[in-house]
Amino acid sequence: SLGHGIGAAIGMAMMAKLDRKDTRIYCMIGDGEAQEGSVWEASMAASHYNLDNLCVILDNNNLQIDGPVDEVMSIYPVLEKWQAFGWHVIEIDGHNYSEIIDALLEAENVKYKPTMIISKTVKGKWVSFMENRAEWHWKALPPDLLKEALKELGEVV
């Protein structure tokens, strides 16, 4: 169910701390998922327990199955909200591999608080008929459109 992954990740991070294991826990959530109350309750717990071994990545493309996140139920200003909950927050271009790697490395060095990486992305990036279209959140590609999408993406190595 939406919103339960972050709570499970927090449980794993807490257990690693209790077991004195040098383990990092990573969790990815969607921006529509971040509307769930369980996400915010879990986020408060992560900060309260100083879970510096936890890194959550928020896929922030502003689209969910029902449409734009900011119209369905806004989570904005998202950066400031997670900061207010006591998290170390990093904002990146989620399509830029260098920024992703740098953010993950930065998160490893944060002490006494969890890290939230807000990954700004575009749903359907690099496929013209899919970019920023909410219906591609759930819709399968028919064979003809799959061919076209693969052509637009170029050769996969």
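**Exercise 1.** Determine whether lysine 17 is buried, partly exposed or exposed, and describe its salt bridge.

*Solution.* Lysine 17 has a relative accessibility of 37% and therefore counts as partly exposed, since that class lies between the limits of 20% and 50%. In this predicted model, lysine 17 pairs with aspartate 52, and their closest N and O atoms are 2.4 Å apart. Next, locate the partners: lysine 17 belongs to helix α1 (residues 4-18), whereas aspartate 52 sits in the loop between α2 (37-48) and β2 (54-60), so the bridge ties together parts 35 residues apart in sequence. Finally, consider the partner's environment: aspartate 52, at 12% relative accessibility, counts as buried.

**Exercise 2.** State how many salt bridges the structure holds, and characterise those formed by lysine 120 and by arginine 133.

*Solution.* The structure holds three salt bridges. Lysine 120 forms one of them with glutamate 91, with 3.9 Å between the closest N and O atoms. Because lysine 120 lies in strand β6 (residues 115-120) and glutamate 91 in strand β5 (residues 88-93), this pair ties together parts that are 29 residues apart in sequence. Lysine 120 is partly exposed at 36% relative accessibility, and glutamate 91 is also partly exposed, at 43%.

Arginine 133 meets glutamate 135 in a salt bridge with an N to O distance of 2.4 Å. The relative accessible area is 39% for arginine 133, which counts as partly exposed; glutamate 135 is partly exposed at 23%.

**Exercise 3.** Describe the largest pocket by its volume, its lining and the residues closest to its centre.

*Solution.* Begin with the volume: the largest pocket contains about 240 Å³ of space. Its lining comprises 14 residues, of which Gly30, Gly32, Glu33, Gln64 and His137 are the closest to the centre. Then sort the lining by class: three residues are nonpolar, six are polar and five are charged.

**Exercise 4.** Summarise the architecture of the protein chain, from its secondary structure to its surface.

*Solution.* First, count the elements: the chain has six helices and six strands. Their order along the sequence is α-β-α-β-β-β-α-α-β-α-β-α. Second, consider the dimensions: the C-alpha trace spans about 50 × 35 × 25 Å along its principal axes. Third, examine the contacts: of those between residues at least 6 apart in sequence, 72% join residues at least 24 apart. Fourth, turn to burial and surface: 39% of the 157 residues are buried, and the chain exposes about 9200 Å², of which carbon and sulfur atoms supply 55%.

Notes
Residues numbered from 1 in each chain as written. Predicted model: local features only at pLDDT ≥ 70, side-chain atom pairs only at ≥ 80, totals over all residues. Heavy atoms only, no water. 1 Å grid on protein atoms, 1.4 Å probe; cavity = no way out; pocket = protein on both sides within 12 Å on 5 of 7 lines; lining within 4 Å. Points joined across faces, edges and corners; volume = space filled by probe spheres on them. Nonpolar A, V, L, I, M, F, W, Y, C, P; charged D, E, K, R; others polar. Salt bridge = Lys/Arg side-chain N within 4 Å of Asp/Glu carboxyl O. Helix = DSSP H or I, 4+ residues; strand = E, 2+ residues; numbered from the N terminus. Buried < 20%, exposed > 50% of the residue type's maximum accessible area, 1.4 Å probe, protein only. Contact = heavy atoms within 4.5 Å. Areas by Shrake-Rupley, 256 points an atom, 1.4 Å probe, with all protein chains shown as cover.
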